[in-house]
Structure formats: structure tokens, C-alpha cells
Amino acid sequence: MKKIEAIIRLSRFEAIRDALAEIDVKFFTLSEVKGFGLQRGEQLTYRGSVYDADYIARLQLDLLAPIDMVDPIIEAITSAGRTGNVGDGKISVFDIERVVRIRTGEENESAI
């Protein structure tokens, strides 16, 4: 099993969610994150005033998947999330040793 972490643009979330649903991904965790990269900070408007932020607001998707689903998940995220501009995000893949569903005690692939 693998864990896939994807940092994506807020504006591309719905397209990515829909692309994942099309390949039968039923669950992922979503977190609001802030970072700093090549894109630098963004200008934010609050109550009519413009502020320069030292960070970039993004979303992080965390998914657990069997090995045979990793490539389709990465393809779905990249194709739906790509704008062609700096700041489209990053995807990381990690090995997972064990997963346990707390409610039932199911383990590994049956737990995801």
C-alpha cells in the first residue's frame, strides 16, 4: 500500500475531487496548508485593503491506496490540477506498512 500526498491549488480542488471520483476513489483527507516556494507569496484582499502574504495557501490531499491504483490516482490529480503555471503543486508517494480500521479491526487494503 501507498500513501499519496498532493499539495494542490484551492481553485483546482473540485476538478481534482471529480477526477478522483471517476476512478472510484471514495475517501481522502483534506487539509488547508500554507507554504513558500517558487511562486512566493500572494496578494490578499481583506475588506478592501491589499496585503502581501509571505506564504501560499494550498490544500493537501492525503490518500491511502493499493499499489495498482497509485498511477491512476497520480494521473487524475495531475491532469485535473495542472494549469501550466508555477505553483500547481507537488505529489509525494510513501510506503505504508500497515493500516487498521479502528471500528472493525480490518487491516490493510480492506481497511481503506
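Two strands count as paired here if DSSP finds at least two bridges between them. On that basis, this predicted model contains an open sheet of four strands, and reading across it gives the order β2-β5-β1-β6, with antiparallel pairing. The edges belong to β2 (29–35) and β6 (89–95); each has a single partner strand, so one side of each is left without a neighbour in the sheet. As for twist, neighbouring strands are turned by 20° against each other on average, ignoring direction.

At the β2 edge, the pairing with β5 is antiparallel and runs over seven bridges. One residue to look at here is K34, whose bridge partner in β5 is A57. Helix α1, made up of residues 13–22, packs on this sheet and touches β1 (2–8), β2 and β5. The direction of α1 makes about 10° with that of β5.

Moving to side chains, a search of the whole structure turns up seven salt bridges. One of them joins D95 and K2, with an N to O distance of 2.2 Å. Since D95 sits in strand β6 and K2 in strand β1, the pair ties together parts that are 93 residues apart in sequence.

Then there is the pocket story. The largest pocket comes out at a volume of about 450 Å³. It is lined by 19 residues, and the closest to its centre are K26, F27, L64, A65 and I112. Strand β5 (residues 56–65) turns up again here: it supplies four residues, the largest share of the lining. By character, the lining splits into 12 nonpolar residues, one polar and six charged. Strand β5 thus features in several parts of this picture, as it pairs with β2, is touched by helix α1 and contributes to the pocket lining.

Definitions and conventions: Residues are numbered from 1 along each chain as its sequence is written. This is a predicted model: local features need pLDDT of at least 70, side-chain atom pairs count only at pLDDT 80 or more; totals for chains, interfaces and linings use all residues. Side-chain values use heavy atoms; hydrogens and water are left out. On a 1 Å grid over the protein atoms alone, a cavity is a set of points where a 1.4 Å probe fits but cannot get out, and a pocket is an open set with protein on both sides within 12 Å along at least five of seven lines; lining residues have an atom within 4 Å of a point. Grid points are joined across faces, edges and corners, and a volume is the space filled by probe spheres set on the points. Helices (H or I, at least four residues) and strands (E, at least two) are DSSP runs, numbered from the N terminus. Ala, Val, Leu, Ile, Met, Phe, Trp, Tyr, Cys and Pro count as nonpolar, Asp, Glu, Lys and Arg as charged, and the others, Gly among them, as polar. Axes are lines fitted to C-alpha atoms, for helices over the stretch in contact, and angles run from 0 to 180 degrees between N-to-C directions. Contact means heavy atoms within 4.5 Å. A salt bridge is a side-chain nitrogen of Lys or Arg within 4 Å of a carboxyl oxygen of Asp or Glu.
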